[in-house]
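Student: Pick one part of this model and take me through it closely, please. I'd like the distances and cut-offs as you go.

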Amino acid sequence: MKKLDESLIAPLPPFRKLDRAQIREILDQATSRRHDEGTEIFRGGDEADRFFLLLDGVARVVRVLPGGEQVIVRHIPPGQLIGIAPALGRATYPATAVAASEALTLSWPTRLWPGFMSRYEGFATETWATVGQRLDQLHDDMAALATQAVEQRVAACVLRMVNQTGRAVEGGIEIAFPVTRANIAEMTGTTLHTVSRLLSAWEKDGLVESRRKRIVVTQPHKLVLLSGATA
DNA sequence: CCATTAAAAACCC
DNA sequence: GGGTTTTTAATGG
């Protein structure tokens with residue numbers, strides 16, 4: 001394996017406080033891997049023998065229900081830790097992670113986790129912060145499912161993806177990974193038909209432009225209004 | 001208001 | 001071409 005550059009991870013929150021020697025030490029223990037779009041990074045229920053840092057691309061976290069239907073729990077933008085079952089005191093991954101776009105990860109054996117937590121300043125607190133944020137989002141999603149109409153939930157979902165991974169393109173901000181209407185339906189607890197109708201209506205009103213698997217938000221402000229956020 | 005069903009068009013390898 | 005994605009309409013809870 002070729003040597004990894006220290007600048008890859010030095011600026012990321014979990015490693016920000018570490019000196020050069022520590023970064024080197026971490027990188028030398030890491031395995032880097034490329035994941036094709038649509039392939040699994042790890043599978044829910046499997047033994048959590050490694051934890052990962054998503055260097056590039058977007059990871060889709062999926063829970064498969066007993067019935068076989070799947071729910072997209074969240075998307076993870078680059079720079080975050082995933083598969084951190086050891087932080088939750090678990091021996092197995094709680095969910096499956098799929099590369100939503102071509103992705104690049106670093107990973108380490110889980111047995112190194114305790115050492116990371118104790119030896120590297122800032123790693124533990126960043127981990128807790130990440131876990132806390134994900135819990136928060138989960139609570140927001142539950143509240144939205146219970147109280148908001150479908151159009152509001154879909155609007156909020158699109159906005160969240162834009163905020164997490166959006167990049168400027170001409171005419172607006174584009175979600176930086178491929179998303180289908182079916183994907184959005186799985187995230188928001190509705191059907192692809194309803195999502196399709198909503199996006200068509202928004203496009204007619206000039207709020208978004210979408211082609212297959214691509215969504216560009218042209219009027220974020222109006223979407224925010226639709227999402228019913230804190231008036 | 002929204003899910004379901006059905007059918008067809010549009011897209012991409 | 002053939003599978004996938006998207007759109008549109010009709011029906012019913």
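Tutor: Let's go through the surface around the DNA strands, then make a short stop at one serine in the protein.

A quick word on bookkeeping: residues count from 1 along each chain as its sequence is written, while chains are lettered from A and ligands numbered from 1 in the order in which they are written. This is a predicted model, with local features needing pLDDT of at least 70, side-chain atom pairs counted only at pLDDT 80 or more, and totals for chains, interfaces and linings using all residues; side-chain values use heavy atoms, with hydrogens and water left out.

Start with DNA strand C. Around it sit Thr180, Arg181, Leu192, His193, Ser196, Arg197, Ser200, Arg212 and Lys213 (a residue is near a strand if one of its heavy atoms lies within 4 Å of it). Helix α6, residues 192-204, provides the largest share of this surface, at five residues; helices here are DSSP runs of H or I with at least four residues, strands are E runs of at least two, and both are numbered from the N terminus. Sorted by class, the surface near strand C holds one nonpolar, four polar and four charged residues. In that scheme Ala, Val, Leu, Ile, Met, Phe, Trp, Tyr, Cys and Pro are nonpolar, Asp, Glu, Lys and Arg are charged, and the others, Gly among them, are polar.

What does the protein meet on strand C? Sugar or phosphate makes up 60% of the strand's atoms within 4 Å of the protein, and bases supply the rest. On the phosphate side, a polar side-chain atom of arginine 181 is 2.8 Å from a phosphate oxygen, and a polar backbone atom of lysine 213 sits 3.0 Å from one. Arginine 212 goes for a base instead: an N or O atom of its side chain lies 2.8 Å from a base oxygen.

Now DNA strand B. Its surroundings are Ala149, Val150, Gly189, Thr190, Thr191, His193, Thr194, Arg197 and Arg212. Here, 60% of the strand's atoms within 4 Å of the protein are from sugar and phosphate. Once more α6 gives the most, with three residues, and the class split is two nonpolar, five polar and two charged. For the phosphates, a polar backbone atom of valine 150 is 2.8 Å from an oxygen. The side chain of threonine 190 has an N or O atom 2.9 Å from a phosphate oxygen, and for threonine 194 that distance is 2.5 Å.

Last, the serine. Serine 107 lies in strand β8, residues 103-109, and is buried at a relative accessible area of 4% (buried means under 20%, exposed over 50%, partly exposed in between, using a 1.4 Å probe and protein chains only). Its side chain makes a polar contact of 2.8 Å with that of arginine 50; the term covers a pair of N or O atoms within 3.5 Å, where within protein one must be able to donate a hydrogen and the other to accept it, and residues adjacent in sequence count only if both atoms are side-chain atoms. Leaving out residues up to four places away in sequence, serine 107 touches Gln29, Ala30, Thr31, Arg50, Phe51 and Phe52, with contact meaning heavy atoms within 4.5 Å.
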